[in-house]
Amino acid sequence: MLIRNLLAEHRAPLERADADALGVTAASEVERFLAHREGHAPTPLASLPGLARELDVGSIHVKDEGHRLGLGSFKALGGAYAVVRLVLEAASKRLGRQPGIAEWRSPEVAAVAAGMTVACATDGNHGRSVAQGAQLVGAPCVIFVHAGVSEERRQAIARYGARIVRIEGNYDDSVTEVARAAEENGWIVVSDTSWPGYERIPRLVMQGYTALLREALRDLPAPPTHVFVQAGVGGIAATVAAHLALVFGAGRPFLTVVDPAGAACLFESAKAGRPVKVAHGRPTVMAMLECYEPSLVAWRILSRAADAFMTVEDDEAVAIMNRLARPLAGDPAIVAGESGGVGLAGLAQVARDPALRGAIGLGRDARVFLINTEGATDPVLYQQLVGIAPGKVAAATLDGS
Ligand SMILES: Cc1ncc(COP(=O)(O)O)c(C=O)c1O
């Protein structure tokens, strides 16, 4: 299922605050911060010529965020960055001068951080990033996880020293609960989703994601013509849409937002012409995309800068994980978690349907850009779904097993 963006605001300019946060200047600032982070290296951009031939498109490039900062997902870029920026802002008030990004590990800044508690609700990856950022600057951190977050994912967050609170209920309940607890205790909520009156911090989180686009645009042999990005609340899709619109203007690529069929809040919002909350369905295997209400900032951007919205089913997401682990001859193997290959699942669905190809102008000369947003962030589940341990993926491919 795919619908074109027919909203009145489609292709309208971005709002000033969104454009300022997600353009080239802001992205350069993020890269300056990353340069001070241990273990930082640009993630690989894989070319998949075999799959491009099979899907009858010109080229496919996948930015592989499974390698990001030891956290296994692009989320490593957002939450941690926002925490450091917030600590620097607080330090600037306390010290009466603006500390530069390079000072984030100085004793003066650490003293300020020690008095700030940051908190968030998470499905897994965002909480890991916020906890890592808090540990880096020495800020206390409380992460709320809901009943559906696996024990593996809970432990991965706890490793960064955060206090974990597990609540009954689902993701939305954990968002409500963290807001209540933060109000009561004076904590700062560092959320990756936004709502009326709460936009600035989620926008900082999204700003952190821009680094992956700077890297990709440096590495791509030519600008993409088509982009497929998966969505939970829409933060990463909106960051990609905004950054590409700001860099390429009217010549930007055609951008399709890909939602899980069971939690298609952006798809349904596009149909309704306004942000809508969708009913909870069966849990989806695309756990990180299981969000029922779009982020307000993300929706505002996507209603202008996304060109189509579509959904994919669980079996398509799992088939793509398997395909990336056992690629066609000549293509590198990629470890993609359950939510990682969903943009590619969207491309595969469109590429195999002549009517959909025509609808978005996906031809033999198309240069497609995708993001593998996560590696095996839950290795046990990965092995169940793919039949290979994540660490053995490339070797298994070489063996032909
Ligand atoms: C691996 C992965 N992919 C995609 C997303 C979707 O990002 P967003 O919620 O910003 O749309 C998430 C969100 O947690 C994620 O962890």
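**Figure 1. Helices α2 and α9 cross in this predicted model.** The two axes come within 8 Å. They cross at roughly 95°. Angles of 65 to 115 degrees count as roughly perpendicular, and α2 and α9 are therefore roughly perpendicular to each other. On the α2 side, the contact is made by Val-24, Ala-26, Ala-27, Ser-28, Val-30, Glu-31 and Leu-34. On the α9 side, the residues are Gln-207, Gly-208, Thr-210, Ala-211, Arg-214, Glu-215 and Arg-218. By type, the contact residues divide into six nonpolar, four polar and four charged.

**Figure 2. Helix α4 and its length.** Helix α4 covers residues 79-95, which is 17 residues. At 1.5 Å a residue, α4 should span 24 Å. Its end C-alpha atoms are 24 Å apart, so the expected span and the model agree. Just after α4 comes Gly-96, which takes a positive phi of about 70°.

**Figure 3. The buried residues of α4 and their neighbours.** Many names belong in this view. Near the start of the numbering of α4, Gly-79, Ala-80, Tyr-81, Ala-82, Val-83 and Val-84 are buried. Leu-86, Val-87, Leu-88, Ala-91 and Ser-92 are buried too. Which elements do the buried residues of α4 pack against? The helices are α2 (24-35), α5 (107-114), α6 (125-137) and α9 (200-219). The strands are β4 (118-122) and β7 (188-189).

**Figure 4. The open sheet of four strands.** The strand order is β6-β5-β4-β7, and the pairing is parallel. The edge strands are β6 (163-166) and β7. Each of these two pairs on one side only. Strands β4 and β7 pair in the parallel sense over two bridges. Val-118 has Ile-188 in β7 as its bridge partner. Helix α6 lies across β4 and β5 (141-145). The helix runs at about 165° to β4.

**Figure 5. The open sheet of seven strands.** Here the order is β1-β10-β9-β8-β11-β3-β2, with mixed pairing. At the edges are β1 (2-4) and β2 (45-47), each pairing on one side only. Neighbouring strands of this sheet are turned by 20° against each other on average, direction ignored. Helix α11 (residues 265-272) packs on the sheet. This helix touches β1, β9 (254-260) and β10 (308-312). The direction of α11 makes about 140° with that of β10.

**Figure 6. Strand β11 between β8 and β3.** Strand β11 (residues 367-372) is mostly covered. Five of its six residues are buried. How many bridges join β3 to β11? Six bridges join strand β3 (residues 59-64) to β11, and the two run parallel. In this pair, His-61 stands opposite Phe-369 of β11. Strand β8 (residues 226-230) also pairs with β11 in the parallel sense, over three bridges. Val-227 has Phe-369 in β11 as its bridge partner. Phe-228 stands opposite Leu-370 in β11.

Key. Residues numbered from 1 in each chain as written. Predicted model: local features only at pLDDT ≥ 70, side-chain atom pairs only at ≥ 80, totals over all residues. Heavy atoms only, no water. Expected span 1.5 Å × (residues − 1). Buried < 20%, exposed > 50% of the residue type's maximum accessible area, 1.4 Å probe, protein only. Contact = heavy atoms within 4.5 Å. Pairing = 2+ DSSP bridges. Axes fitted to C-alpha atoms, helices over the stretch in contact; angles between N-to-C directions. Parallel < 35°, antiparallel > 145°, perpendicular 65-115°, else oblique. Nonpolar A, V, L, I, M, F, W, Y, C, P; charged D, E, K, R; others polar.
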